[in-house]
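Thank you all for coming; I would like to take a few minutes to walk through one protein model with you. Please have the sequence and the structure open while I speak.

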Amino acid sequence: MKKAGKLVITFALLSTVAISAFGAEQTARAGYQYGTVMFTNDGANTNYKRQGAADYAKNHATYNNRNTNYANYGSNSDGGDCTNFASQILHDGGGLPFYGSKGNNTFTQDWYYYGSDVASPSKPNGRTSSWTGAHQYRTFWGDTDNGNGRHAYSVVKYSIKDAYDHFDELNADLWLGDQVQFADSSGHTTHTVTVDSYGGGNLYVSQHSTNDDNYANWFSGENLKQIIKKRIDNGTSAYVYSIKIKYASN
């Protein structure tokens, strides 16, 4: 059962989330005091298997347990394997189907993986950039200046300071299998993590990263609030995006 969050209830806004209050799940119109709702997409991904996504995230988070059916994009030149892993979680764990035609719309309009190279008409057995690129991923599932895919249920944007200082709002909104992305001061998306568990007012996430430090940054069960604090301290992020894959918790 998801924990209660400190969201202010109002019927004036368009964003709909499920929160747990008084020990029971209740549906309400939620007013975000600190986050900006980019969009809601009612009816999106209703067959998404949250528990399956969370289990996949935990089972395949470490390098030794990675799913070798997919290439490893963890080198610094590739930017890291975080979004490749996030896509796997949605598809292999959560059961979301590929989107689009093989070999067509290979950047952000579609989302699929048939092979390690970026797909093209001459290489149809490839992948879309939205499968592995953090910013392209947000373009497909969320909302960026380069195009609005909006395939998730909703995306809420926070300054990284508000995400930390008012973490209870972020915590109340996200459930198993939902995801969080980080962006720099220019708005460019740099990293993706997935909620794999929660408890005690905390959210815990799984991620892949680069190959540095013997894969120390490939992990599950890490405290999201602490990750946000580290990014504040090292100045690597300016914004946090919560990506709710589907409505409610089930």
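I will begin with the overall picture, then turn to two helices and a pocket, and finish with some individual residues in loops and one in a short helix.

Please keep in mind throughout that this is a predicted model. The protein has 8 helices and 10 strands, and of its 250 residues, 51% are buried. If we take the contacts between residues at least 6 apart in sequence, 59% of them join residues that are at least 24 apart.

Let me start with helix α8, which runs over residues 224-234 and whose buried residues are L224, I227, I228 and R231. Looking down the axis of α8, these buried residues fall within an arc of 100°, so they line one face of the helix. On the other side of α8 we find K230 and D233, which are exposed. And what do the buried residues of α8 pack against? Their partners are the helices α5 (160-165) and α6 (167-173), together with the strands β6 (179-183), β7 (189-199), β8 (202-207) and β9 (219-223).

The two ends of α8 also deserve a word. At the start of α8, a side-chain oxygen of N223 comes to within 2.9 Å of the backbone nitrogen of K225. After α8 comes G235, which has a positive phi, near 70°.

Helix α1, residues 50-59, can be read in a similar way, and here the buried residues are R50, A53, A54, Y56 and A57. Around the axis they cover an arc of only 160°, which puts them on the same side of α1. Among the elements that cover the buried residues of α1 are α2 (82-93), β7, β8, β9 and β10 (239-244).

That brings me to the largest pocket, which holds about 370 Å³ of space. It is lined by 19 residues, and those closest to its centre are H191, Q207, S209, N217 and R231. Two or more lining residues come from each of β7, β9 and α8. Which element gives the largest share of this lining? It is α8, with 5 residues. By residue class, the lining of the largest pocket divides into 13 polar, 3 charged and 3 nonpolar residues. You will recall R231 from before: this residue is one of the buried residues of α8, and R231 is also among the lining residues closest to the centre of the pocket.

Next, the loop between α1 and α2, where A61 is placed. A61 counts as buried because its relative accessibility is 0%, the cut-off for buried being under 20%. Its C-alpha atom is separated by 6.1 Å from that of Q207, although the two residues are 146 apart along the chain. Leaving out residues up to four places away in sequence, A61 touches F85, S206, Q207, H208, W218, F219 and S220.

The loop between α2 and α3 (129-132) offers two further residues, and G103 is one that is found there. At 6% relative accessibility, G103 is counted as buried. The C-alpha atoms of G103 and S120 are 5.0 Å apart, with their positions 17 residues apart in the numbering. Beyond its neighbours up to four places away, G103 touches Y112, A119, S120, P121 and P124.

T128 also has its place in the loop between α2 and α3. Is T128 buried or exposed? With a relative accessibility of 0%, T128 counts as buried. Its side chain makes a polar contact with the side chain of S130, at 2.9 Å. Apart from neighbours within four places in sequence, T128 is in contact with N105, T106, F107, D110, W111 and Y112.

I will close with two backbone angles that you may want to look at on the screen. Most residues other than glycine have a negative phi. N45, however, is a residue other than glycine with a positive phi, near 55°. N45 lies in the loop between β4 (36-40) and α1, and is buried, with a relative accessible area of 19%; that value can be set beside the cut-off for buried, which is under 20%. Y215, also not a glycine, has a positive phi of about 65°, and its place is in helix α7, residues 212-215.

Technical notes: Residues numbered from 1 in each chain as written. Predicted model: local features only at pLDDT ≥ 70, side-chain atom pairs only at ≥ 80, totals over all residues. Heavy atoms only, no water. Buried < 20%, exposed > 50% of the residue type's maximum accessible area, 1.4 Å probe, protein only. Helix = DSSP H or I, 4+ residues; strand = E, 2+ residues; numbered from the N terminus. Arc of directions from axis to C-beta. Contact = heavy atoms within 4.5 Å. Polar contact = N/O pair within 3.5 Å; in protein donor to acceptor, adjacent residues only side chain to side chain. 1 Å grid on protein atoms, 1.4 Å probe; cavity = no way out; pocket = protein on both sides within 12 Å on 5 of 7 lines; lining within 4 Å. Points joined across faces, edges and corners; volume = space filled by probe spheres on them. Nonpolar A, V, L, I, M, F, W, Y, C, P; charged D, E, K, R; others polar.
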